[in-house]
Amino acid sequence: MNWIELNRIEQLDALVSESFVTPQLLFKHSTRCSISRMALSKTERNYNFNTHQLAPYFLDLLQHRDISNQISMMFNVEHQSPQMLLIKEGKCVFTATHNEINPTDLQSYLS
């Protein structure tokens with residue numbers, strides 16, 4: 001799986017623009033949390049999308065809490081960790097947290 005590292009707030013505007021062409025996946029990860037590590041591992045094991053279907057972004061929450069806060073405001077979602085969001089046509093159309101995170105749930109949003 002080839003994550004795109006989300007490490008600058010400015011990337012969010014480009015991500016929103018790109019979501020009108022290709023849905024964008026955001027994975028918010030805490031490197032100190034065992035649940036987050038399990039959710040990340042599950043995501044990477046079950047991820048079965050190509051770059052034309054989905055663009056996967058990875059956010060390290062401990063290094064970039066400011067970006068996480070901006071995501072919460074932009075998409076009107078409560079901050080969680082771990083958290084997976086699907087951005088399509090400029091809006092968050094799906095979100096999952098903790099043990100509910102499973103990339104296979106995204107399939108129905110990509111059609």
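This is a short walk through the fold of one protein chain, from its overall outline down to a few residues.

Okay, some ground rules. We're looking at a predicted model, where local features need pLDDT of at least 70 and side-chain atom pairs count only at pLDDT 80 or more, while totals for chains, interfaces and linings use all residues. Residues are numbered from 1 along each chain as its sequence is written, and side-chain values use heavy atoms, with hydrogens and water left out.

Let's begin with the whole chain. Its C-alpha atoms fill a box of roughly 35 × 30 × 25 Å along the principal axes. For 111 residues, a compact globule would have a radius of gyration near 13 Å, and this chain agrees, at 13 Å. That radius is taken over C-alpha atoms, and the globule rule is 2.2 Å times the number of residues to the power 0.38. Of the 111 residues, 45% are buried; buried means under 20% relative accessible area, exposed means over 50%, and partly exposed is in between, with a 1.4 Å probe and protein chains only.

What about contacts along the sequence? If you take the contacts with a separation of 6 or more, 64% come from residues 24 or more positions apart. A contact here is heavy atoms within 4.5 Å.

Now the secondary structure: we have three helices and five strands. These are DSSP runs numbered from the N terminus, with helices being H or I of at least four residues and strands being E of at least two. Reading along the sequence gives you β-α-β-α-β-α-β-β.

In what order do the five strands sit in the sheet? The order is β1-β3-β2-β4-β5, in an open sheet with mixed pairing. Two strands pair if DSSP finds at least two bridges between them. At the edges stand β1 (4-5) and β5 (91-97), each with a single partner strand, so one side of each has no neighbour in the sheet.

Here are two of the pairings. β2 and β3 run parallel and are joined by six bridges, and H29 stands opposite D60 in β3. Strand β4, residues 83-88, pairs with β5 in the antiparallel sense, over six bridges; there, Q83 has T97 of β5 as its bridge partner.

Let me stay with β2 for a second. Six of its six residues are buried. In a regular strand the side chains alternate between the two faces of the sheet. On β2 both faces are covered, with Q24, L26 and K28 buried on one side and L25, F27 and H29 buried on the other.

So which helices lie across the sheet? Helix α1, residues 10-18, lies across β1, β2 (24-29), β3 (55-60) and β4, at about 145° to β2. Helix α3, residues 65-75, lies across β2, β3, β4 and β5, at about 135° to β2. Those axes are lines fitted to C-alpha atoms, for helices over the stretch in contact, and the angles run from 0 to 180 degrees between N-to-C directions.

Just ahead of α3, have a look at H64, in the loop between β3 and α3. It's buried, at 13% relative accessible area. Beyond its neighbours within four places in sequence, H64 touches L6, N7 and L59.

Last thing, the cysteines. How many disulfides does the structure hold? Zero, taking a disulfide as a pair of cysteine sulfur atoms within 2.5 Å. For C33, the nearest cysteine sulfur is that of C92, 20 Å away. C92 itself is partly exposed, with a relative accessible area of 21%.
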